[in-house]
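Visitor: I should like to understand how the labels on a structural model are justified. Could the terms be set against their cut-offs, one by one?

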Amino acid sequence: MKMNYKYGLKRGLPIALGYLSVSFGFGISAVSNRINPFYAVLISLTNLTSAGQVVGVSIIAAAGTVIEMIVAQFIINLRYSLMGIALTQKLDRRFSFWHRFTIAFGITDETFVMAASEKDAITPSYMYGLITLPIIGWTFGTALGAFSGSLLPADIRLALGLAIYAMFVAIIVPPARDNRAVMYAIVIASAMSCLIYYVPVLSSHISSGFSIIICAVAASAIMAKLRPVEEKEEE
């Protein structure tokens with residue numbers, strides 16, 4: 001199979017369809033947090049990061065600081081840098097600096113898995129094809145949710161707004177089921193989040209943005225100490 005733009009489009013179509021439904025929920029969620037529909041669409045067009053966008057909207061809605069936004073986005077989206085580095089092992093010689101710079105925007109969990117699963121060397125045209133439809137699907141889905149959400153009954157809007165959170169649950173359940181360390185990290189982060197939210201002394205001094213940062217970093221650090229990943233020596 002030739003690693004061309006058309007083949008990349010074909011591989012990206014299932015991802016785009018999945019993004020369409022999930023970003024619809026993000027569009028509704030963003031507007032419900034008093035984000036202008038046009039800005040909600042612009043956020044999806046220029047970011048393409050589900051978790052980062054949800055947290056970002058939450059920080060904006062809570063009138064958080066720029067520092068909160070920067071730190072939260074750095075922590076949440078750091079994994080994309082690692083994915084990009086991993087993919088460099090599969091790139092062919094036609095990948096210039098500007099190809100890498102441009103295509104890095106379209107690397108998500110799903111496009112990374114799709115590209116990493118290819119047996120042949122990855123070409124620039126293939127990657128452009130792979131990320132094209134997901135970008136369109138994510139942005140178009142957000143537009144549908146943001147602009148048409150107001151036409152739906154309040155109960156339905158509330159239910160659809162929870163769709164993106166259901167996606168996050170679906171993402172963490174399989175690894176938590178297979179790896180106790182992941183499960184414990186989720187439990188610790190959840191418990192800390194509830195503690196900060198429900199204890200008046202903490203909730204009055206810690207904003208939602210810093211709450212996310214504290215819970216994520218603390219839970220990861222605790223489990224890294226208690227359940228470190230054992231490195232296997234290569235023969």
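Guide: The following exchange takes up secondary structure, burial, salt bridges, cysteines and a surface patch.

Guide: This is a predicted model, in which local features need pLDDT of at least 70, side-chain atom pairs count only at pLDDT 80 or more, and totals for chains, interfaces and linings use all residues. Residues are numbered from 1 along each chain as its sequence is written, and side-chain values use heavy atoms, with hydrogens and water left out.

Visitor: How many helices and strands does the protein chain have?

Guide: The chain has twelve helices and zero strands; helices are DSSP runs of H or I with at least four residues, strands are runs of E with at least two, and both are numbered from the N terminus.

Visitor: Why is Glu-118 called buried or exposed?

Guide: Buried means under 20% relative accessible area, exposed means over 50%, and partly exposed lies in between (1.4 Å probe, protein chains only). Glu-118 has 7% relative accessibility, and therefore counts as buried. Arg-11, at 24%, counts as partly exposed.

Visitor: What makes Glu-118 and Arg-11 a salt bridge?

Guide: A salt bridge requires a side-chain nitrogen of Lys or Arg within 4 Å of a carboxyl oxygen of Asp or Glu. The closest N and O atoms of Glu-118 and Arg-11 are 2.8 Å apart, and the pair forms a salt bridge. Glu-118 lies in the loop between α6 (109–116) and α7 (124–148) and Arg-11 in helix α1 (residues 5–32), so the pair ties together parts that are 107 residues apart in sequence.

Visitor: How many salt bridges are counted by this rule?

Guide: The count is four. Among them is the pair of Arg-94 and Asp-92, with closest N and O atoms 2.8 Å apart; Arg-94 is exposed at 57%, whereas Asp-92 is buried at 15%.

Visitor: Why is Cys-194 not in a disulfide with Cys-215?

Guide: A disulfide is a pair of cysteine sulfur atoms within 2.5 Å. The closest cysteine sulfur to that of Cys-194 belongs to Cys-215 and is 8.8 Å away, so the two are too far apart for a bond. The disulfide count is zero.

Visitor: What makes the nonpolar surface patch?

Guide: Patch residues have over 30% relative accessible area and no salt bridge; nonpolar side chains (Val, Leu, Ile, Met, Phe, Trp, Tyr) are joined within 5 Å, like charges within 9 Å. The nonpolar patch covers about 840 Å² and includes Phe-74 and Phe-210. Its largest share, seven residues, comes from α4. Phe-210 is partly exposed, with a relative accessible area of 32%.

Methods: Accessible areas come from the Shrake-Rupley method with a 1.4 Å probe; for residues, only the protein chains shown count as cover.
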